[in-house]
Amino acid sequence: MWSRVAANLVLLGHFCFVLLAVFGALGVFIHPAWVWVHVPIVVWSSVVNLAGWTCPLTPMENRLRT
């Protein structure tokens with residue numbers, strides 16, 4: 001049971017990370033300091049997708065689900 005809860009928390013964190021990558025630029029309009037959060041997230045997401053890597057959160061969630 002605890003591993004299912006942990007897997008769901010990893011999934012939720014992964015989803016929040018994706019939301020920040022997609023919509024994080026809107027935070028820059030609210031406060032310019034958001035750029036220090038948004039830019040590294042976009043760079044990491046771009047590198048993972050363009051290089052064909054697997055996000056480290058995916059295998060972690062899969063291990064917790066088994």
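**Reading a Nonpolar Patch and Two Cysteines**

Tutor: Let us begin with one residue of this predicted model: Leu19 has a relative accessible area of 35% and is therefore partly exposed.

Student: Where is the place of Leu19?

Tutor: Leu19 is found in helix H1.

Student: Which residues make the nonpolar surface patch?

Tutor: A residue needs over 30% relative accessible area to count towards such a patch. In this structure, Leu19 is joined by Phe15, Val18, Val22, Phe23, Leu26 and Phe29, and the patch they make covers about 750 Å².

Student: Which helices each supply at least two residues of the nonpolar patch?

Tutor: Helix H1, spanning 2-23, and helix H2, spanning 25-30, each do so. The largest share comes from H1, with five residues.

Student: How many disulfides does the structure hold?

Tutor: The general idea comes first. A disulfide is a covalent bond that links the sulfur atoms of two cysteines. In this model there are zero disulfides.

Student: Why does Cys16 form no such bond?

Tutor: The cut-off for a disulfide is a pair of cysteine sulfur atoms within 2.5 Å. The closest cysteine sulfur to that of Cys16 belongs to Cys55 and is 13 Å away, so the two are too far apart for a bond. The same reading holds from the other side, because the sulfur of Cys55 has its closest cysteine sulfur in Cys16, at 13 Å.

Student: Is Cys55 buried or exposed?

Tutor: Cys55 is buried, because its relative accessible area is 16%, and buried means under 20%. Cys16, by contrast, is partly exposed, with a relative accessible area of 39%.

Methods
Residues numbered from 1 in each chain as written. Predicted model: local features only at pLDDT ≥ 70, side-chain atom pairs only at ≥ 80, totals over all residues. Heavy atoms only, no water. Patch = residues over 30% accessible without salt bridge, like charges linked within 9 Å, V, L, I, M, F, W, Y side chains within 5 Å. Areas by Shrake-Rupley, 256 points an atom, 1.4 Å probe, with all protein chains shown as cover. Salt bridge = Lys/Arg side-chain N within 4 Å of Asp/Glu carboxyl O. Helix = DSSP H or I, 4+ residues; strand = E, 2+ residues; numbered from the N terminus. Buried < 20%, exposed > 50% of the residue type's maximum accessible area, 1.4 Å probe, protein only.
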